[in-house]
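Subject: Structure handover

Hello,

Here is the structure you will be taking over. My notes follow it.

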Amino acid sequence: MEILRPPKLKRGDLIGIVSPASPIADHTKLERGVRYLESLGYSVVVGANVYKAYGYLAGTDDERVKDLHAMFTDKRVRAILCARGGYGTPRLLPLLNYRLISRNPKILVGFSDVTALLLAIWKKCRLITFHGPMLGVDMFADIDTYTEELFWRVVTSSKKIGDIPLTDSPSPKTVFPGKATGRLLGGNLSMICSILGTPYQPDFTNAALFVEETDEEPYRIDRMLTQLRNASILTKATSVLMGQFSECLPKDPSKPSLTLDEIFAEASNATAKPFLSNLPFGHERKKMTLPVGLKVSVDATSRRLSYLESAVE
């Protein structure tokens, strides 16, 4: 299947906002994010159901899908930004019109629970989407310079992106040395595991697998990485990129536990692939934008990452 790149974003374009997972807890953050986009010269349309709440969901499944379909259908909308994650995106996967999405390729940005949506769209449409900041919880409400500069660089230029700066804070770690190329696939570890064995799981053969997580104890991280190993995901990938694992500490420090570094070392030794950890993406203010499906080169020995293509056209 041909790889689809969405059209690049230009000043004056219309950006749509959707909430495919949990309800928005703080409307003021989303409103500040909208004002930020408008200050840069973009127009913004908020989905009809974005502010709804249905228990722990931002509206019913049908309402959230309706907003996504409306944004892909509207020819004026050039990019779709998710407001937040939480939970609920996997429920939408059987309801989505993937032919509609393929016929109307657009920039789609989100992370965390939105991982399931990004990977399903890659599997079904081969459309490059973006694991990156969300309007109601990240840079658009509370701007981080690194996050901001890399995001706009990736979505506004049709030129080859090239080397990606890896900051000193956090400082990347070489877990297993070596070089490799592959296509970026991954996201939140729990969400990757949630779609394994479903029609929405992409083929991770020759992938540069990237992973992040939040609020999971080390034994749970171990269990999910073991699932990826047992499902041959780690062995199919050419390389592994670990982001931030925020608040992933034992709940009871008095009980024995492996550290995350020990867990990562075991996983890397089992696969013997180039393996980096502590990269700047995940549930932290500072985060890279990772185009899902983009070809990259990884040098784990010198701790370098390069995007070998443009993500937009």
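In these notes, contact means heavy atoms within 4.5 Å. Please keep in mind that this is a predicted model.

Helix H9

Helix H9 is made up of twelve residues, 260-271. From its first C-alpha to its last it reaches 17 Å, close to the 16 Å expected at 1.5 Å a residue. Its buried residues are Leu260, Ile263, Phe264, Ala267, Ser268 and Thr271. They lie on the same side of H9, because the arc they cover around the axis is only 130°. What covers these buried residues includes two helices, H7 (218-230) and H8 (233-236), along with the strands E7 (173-176), E10 (239-246) and E11 (275-277). Just after H9 comes Ala272, whose phi is positive, at about 55°.

The second largest pocket

H9 also takes part in a pocket. The second largest pocket has a volume of about 250 Å³ and a lining of 18 residues. Nearest its centre lie Phe245, Cys248, Leu260, Asp261 and Phe264. E10 and H9 are the elements that give two or more residues to this lining, and the largest share, four residues, comes from E10. Leu260 and Phe264 are thus named twice in these notes: they are among the buried residues of H9, and they are among the residues nearest the centre of this pocket. Sorted by class, the lining has eight nonpolar, seven polar and three charged residues.

The largest pocket

The largest pocket holds about 360 Å³ of space. Its lining consists of 21 residues, and those nearest its centre are Arg84, Gly85, Gly86, Ser112 and His283. The elements that supply two or more residues to the lining are helix H6 (189-195) and strand E9 (207-214). By class, six of the lining residues are nonpolar, eight are polar and seven are charged.

Helix H2

Helix H2 covers residues 61-73, and its 13 residues should span 18 Å at 1.5 Å a residue. The C-alpha atoms at its ends are 18 Å apart, so the span agrees with that expectation. Which residues of H2 are buried? They are Asp61, Arg64, Val65, Asp67, Leu68, His69, Met71 and Phe72. These buried residues pack against four strands, E1 (14-18), E2 (43-46), E3 (77-82) and E4 (107-110), and against helices H3 (98-103) and H4 (115-125).

Regards

How values were computed
Residues are numbered from 1 along each chain as its sequence is written. This is a predicted model: local features need pLDDT of at least 70, side-chain atom pairs count only at pLDDT 80 or more; totals for chains, interfaces and linings use all residues. Side-chain values use heavy atoms; hydrogens and water are left out. The expected span of a helix is 1.5 Å times one less than its number of residues. Buried means under 20% relative accessible area, exposed over 50%, partly exposed in between (1.4 Å probe, protein chains only). The arc is that of the directions from the helix axis to the C-beta atoms. On a 1 Å grid over the protein atoms alone, a cavity is a set of points where a 1.4 Å probe fits but cannot get out, and a pocket is an open set with protein on both sides within 12 Å along at least five of seven lines; lining residues have an atom within 4 Å of a point. Grid points are joined across faces, edges and corners, and a volume is the space filled by probe spheres set on the points. Ala, Val, Leu, Ile, Met, Phe, Trp, Tyr, Cys and Pro count as nonpolar, Asp, Glu, Lys and Arg as charged, and the others, Gly among them, as polar.
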